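Q: I would like to learn how to read individual features in a model such as this one, beginning with pairs of charged side chains. Could you take me through them step by step?

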Amino acid sequence: MDALGTDGGRPQLALPALGGLFFRAGDPLNDGDLAPDLLRGCELTNERLLSAIRLLTEFKDKKGRVHRVDYQHLGAEELGSVYESLLELEPQIDGAAPRFWLENLRGNQRKTTGSYYTPTALIDELLKTTLDPIIDEYAKSGNPDDLLKITVCDPACGSGHFLVAAARRIAKKYAVLWSGDDEPTPMVVREAMHKVVERCVYGVDINPMAAELAKFSLWLESLEPGRPLAFLDSHIKVGNSLLGTTPKLLIGGIPDEAFKPIGDDDKKIAAQFRKDNAKERGRQLAIQDAGLFDLGPVNGPDDTSELTRQVTALNRMRIGSIEDIREQARRFRALLDAPERAQRKRIADAWCAAFVFPKQKEPRPITSATLKIMGGDEEAEKLFAQAAPTEAMERELDKIVEQYGFFHWHLEFPDIFRVGDDSTPDANHDTGWQGGFTCVLGNPPWERVKLQEQEFFDSRNEEITKAHNAAARKKLIDKLKTSEELSDRALYQEFQTELRKAAGWSQLLRSSGRYPLTGHGDVNTYAVFAETARTVIGPWGRTGLVLPTGIATDATTAPFFGGLVRQSRLISFMEFENEEFLLSRDVHHSFRFCLLSMAGRECKVDEANFSFGARRISDIENRRFTMPPEDILLLNPNTGTAPLFRSRRDAEITLDIYRRVPVLWRDSPRSNPWGISFMTMFHMANDSSMFKAREELEAEGWTSKGSSFVRNGQVMMPLYEAKMLHHFDHRLGTYEGQTAAQAKMGTLPRLSVEDKANPDRRALARYWVPEEEVIAALEGRWDKNWLIGWRDIARSTDERTLISSVLPVAAVGHTFPIARISASPVSGYYANSCTFIIDYLLRQKLAGTHLTYGYLKQLPFIAPQAYDRISPWDSTDKLRDWVRDRVLELTFVTQDLASFALELGDEGRPFLWDEERRFAMRAELDAAYFHLYGVARDDVGYVMDSFRAFQRNDPERFARTKALILDVYDAMERAMETEKLYETIVDPPPGEGPRHPDR
């Protein structure tokens, strides 16, 4: 090993001088004292060494046969898989033995970092729309060295799989141009690969092991006989590529939002320093406005042109020997340690640290004046002497920097991001730098930033993990703090540390201003990585990422994706289902993900390529089609998010409907014909402390009355959960008689037809809530004695997706949002929301499992005024009356919905629950809305056939439903063509059916 890392190698053993990982401790400048090299410091007997080598070179298969490990063909693909596997394992130590072993534990690093190895087939497909066009553009000159101007970066590089794949493509083209041969020899390609790896490839990862593996992968691919391994320390770096600042943010000082208290921060102190910071910042901005602080084109206070020049020269050094590598490393180290750069980095680190710095009396939090003083501003030091850095502040800053790993792109890669002349064509006025990468690629981690308690305790405390709700879990966590067991108190402290760190991440991502498009809501790392890629790409560059489909469909990422659409920067969106585990077997088979390609800010894409629902790469070609931005904005005018069409026919049906029918709620220009707004009542976790179970109430002397409990004039109202409700049925599921198996699966027993025939039969809730809490939740927001809403948990692959229901006033869990409708007829809205056609339209958009407000607002609903017209198939009846009669009889089957019946103008007794009448009336409503939406007859059959889960789970009922809807549709069409009246298939007519007798 010494021979491979020393000048000249060891010719006696035919060992060349390679450098790279063979330098002591991986450091070209290490003389033995600079950094420890644990491997070289070990002593091992020959017997043990040979045993280790044998274990590393041989393995046994399931049948016990011995095979040799094929190291000769070990490449980036295999290293990526190895890296992924290592993240699953955690070392377990037995000090008594002594021995250690690796164990696969839940909540491991792979899970918590969301790291998954990306199959080569996906990378190759992504490169077609991102890197290949760039290579073609740079190759037009015919000069192979122009290809070395391409810069490719992976901001979460892992083992370097994407970087190796990109380097191979560039090197292959370089070799073709250099040799003039369409199929250059492997030796020529390898020579080209060495140049490409030296010049074109950049990567960042928070995990030091990943960065080392990335370098190793690139060295393996670019090893050229007679030449040392490339110096990659200036291109492959360790750091948190999400947490950092930009020149523009630094100029503005520390925002006041940095002083939001987190964790155990003192709120009064945080508020005081927020005021102090605002005063300091105001002075700084006033100076800038007066022209005393100018980011001019020539050597302004933040000008990095000299640093850019030095790093560029460093990267272009001619390298032929180990000595050259050492000189390159020496210059690189000198650059890192240069006072000017060190000061810039310290100030940038302090800016970031201000967001997470403890807001306590000591040490004093960092404020805007602190940064100015750190930068040598004597005037600021005179005016705000109390803000000057102290030893305690510096120590805390060091600790925070180590904990968060801040990464400032313009300081880490000054050859890519120049700062100084903002009048150049490649100036990015959002960041304050010029330039950017030619291509950004990757499959970044997909993890929620918010600390998940159950995941944290998964491998640490089983009792806490299995607590039945959030309130119970919180009590168990609090008990750890005062436990007599030292290990419990240590676990509590570890949890608090991680809780504060997660809160710090969230504070930086939400409040720093670096993520205006994705830094809100329940932040997921994949979203902010996507915005990072958008930020660091050059004006004419391209980005390609592997991401969850939610990047294009979710409300929290809508500003990001909508911006791509409105700015015509979307290149392609190839969507997949993981049913055949194309992504990974460790990702759920129903998970949906995409290959997203986007262009730099100076590019304009007229039509984007789309493909949806593919399970294999080979599926893409048959599903591919193009859409201009205008069509996407027609479908989702508020968010600009993507649809999820499975075929061109789905696109045509949906687009035709959207051209005829307005969306429920348009933001701009504002239109809300139904006067609708939304609300939730009780959060199932956050409000669980006010919920009471039946056993608790009965033990406290409460008695059952209807669906409520009463005691001494007080009332506990039932808490409806989404799974208890369905179309025209607020008694679908009940907790009465729920088995342990059903509870484990999260399902409920169903009321029988006989039960539903009883108008006084109620579904039994799991929890009850004080009546005054229900009144408080609705006060000033809703004054009816009935509610209408929908299930938030929804999947496009289930039997039905949009499941609306009407129910009597009660407590309602947050997974059943409430729609407050001020326009009439409410029966029209309700009927519309229960139809197959609206369900079908929603399925063209919904990617995840939550039907949020944003999805519902952008669905096309028949407008209220349409119900005042004569029914197209019955000239004797207005549409509102025709629909109302069916909704009334379908809904009013229990006395507790008498208030809703009164809303529809009915004062009678509830209707009998008649399965056949209900089946027929629902078919009539579905057929009617197919006509109202203008869906052609052939397309009606196609739409119905798209409900595959319904067809699969109950083929007989599906066949009956489809056939009856088509029959009614045909009858209505004949009536419209001949101007004859449509005759209902229900006898007596809807709204005149049998009712329960008076009491």
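Q: How far apart are the closest N and O atoms in the salt bridge that R330 forms with E327?
A: The general idea is that side chains of opposite charge can pair when their charged atoms come close. In this structure, which is a predicted model, the salt bridge between R330 and E327 brings their closest N and O atoms to 2.7 Å from each other.

Q: Why might R330 and E327 be placed so as to meet, and are they buried or partly exposed?
A: An α-helix has 3.6 residues a turn, so residues three or four places apart point the same way. Here R330 and E327 both belong to helix α12 (residues 322-337), and because they are three residues apart, about one helical turn separates them. R330 is partly exposed, since its relative accessibility is 42%, and E327 is also partly exposed, with a value of 25%.

Q: How many salt bridges does a search of the whole structure find, and which parts of the chain does the pair D631 and R659 link?
A: The search of the whole structure gives 62 salt bridges. In one of them the side chains of D631 and R659 meet, with an N to O distance of 3.8 Å. This pair links distant parts of the chain, for D631 lies in helix α26 (residues 629-635) and R659 in helix α27 (residues 648-660), 28 residues apart. D631 counts as buried because its relative accessibility is 14%, and buried here means under 20%.

Q: Which residues are linked in a network of salt bridges?
A: Such a network is made up of E125, K128, E621 and R624.

Q: Helix α27 has just come up, so how should I read its span and its buried residues?
A: One can set the span from the first C-alpha to the last beside the span expected at 1.5 Å a residue, and for α27, with 13 residues, the helix reaches 19 Å, close to the expected 18 Å. The buried residues of α27 are D650, A651, I653, T654, L655, I657 and Y658, and the buried residues of this helix pack against β16 (625-627), α26, α33 (836-843) and α38 (937-945).

Q: How many residues of α22 are buried, and what is found at the start of α22?
A: Helix α22 (residues 525-536) is mostly covered, with 12 of its 12 residues buried, and among them are charged residues, E531 and R534, as well as Y526 and F529. Its 12 residues reach 16 Å from the first C-alpha to the last, close to the 16 Å expected at 1.5 Å a residue. At the start of α22, a side-chain oxygen of N524 comes to within 3.2 Å of the backbone nitrogen of Y526.

Q: Is K215 buried or exposed, and which side chains make polar contacts with the side chain of K215?
A: K215 has its place in helix α8 (residues 208-222), and because its relative accessibility is 7%, K215 counts as buried. Its side chain makes a polar contact with the side chain of E212 at 3.1 Å and another with the side chain of D233 at 2.9 Å. Leaving aside residues up to four places away in sequence, K215 touches L232, D233 and I236.

Q: How should I read the open sheet of three strands, and which strands stand at its edges?
A: Strands of a sheet pair through backbone hydrogen bonds, either parallel or antiparallel. In this open sheet the order is β8-β10-β9, and the pairing is antiparallel. The edges are held by β8 (417-418) and β9 (427-428), each with a single partner strand, so one side of each has no neighbour in the sheet. Two bridges join β9 to β10 (residues 433-435), and in β10 the bridge partner of A427 is Q434.

Q: Which residue forms a salt bridge with R418?
A: R418 forms a salt bridge with D426, and their closest N and O atoms are 3.0 Å apart. R418 is partly exposed, with a relative accessible area of 30%, whereas D426 is buried, with a relative accessible area of 13%.

Q: How many aromatic pairs does a search of the whole structure find, and how are F407 and W409 arranged?
A: The search finds 44 aromatic pairs. F407 and W409 form an edge-to-face pair, 5.1 Å centre to centre with 80° between the planes, and both F407 and W409 are buried. One aromatic cluster is formed by Y202, F407, W409, F413, F417, W433 and F437.

Technical notes
Residues are numbered from 1 along each chain as its sequence is written. This is a predicted model: local features need pLDDT of at least 70, side-chain atom pairs count only at pLDDT 80 or more; totals for chains, interfaces and linings use all residues. Side-chain values use heavy atoms; hydrogens and water are left out. Helices (H or I, at least four residues) and strands (E, at least two) are DSSP runs, numbered from the N terminus. The expected span of a helix is 1.5 Å times one less than its number of residues. Buried means under 20% relative accessible area, exposed over 50%, partly exposed in between (1.4 Å probe, protein chains only). A polar contact is a pair of N or O atoms within 3.5 Å; within protein, one must be able to donate a hydrogen and the other to accept it, and residues adjacent in sequence count only if both atoms are side-chain atoms. Contact means heavy atoms within 4.5 Å. A salt bridge is a side-chain nitrogen of Lys or Arg within 4 Å of a carboxyl oxygen of Asp or Glu. Two strands pair if DSSP finds at least two bridges between them. Rings of Phe, Tyr and Trp (its six-membered ring) pair if their centres lie within 6.5 Å; planes under 30 degrees apart count as stacked, over 60 as edge-to-face and the rest as tilted.
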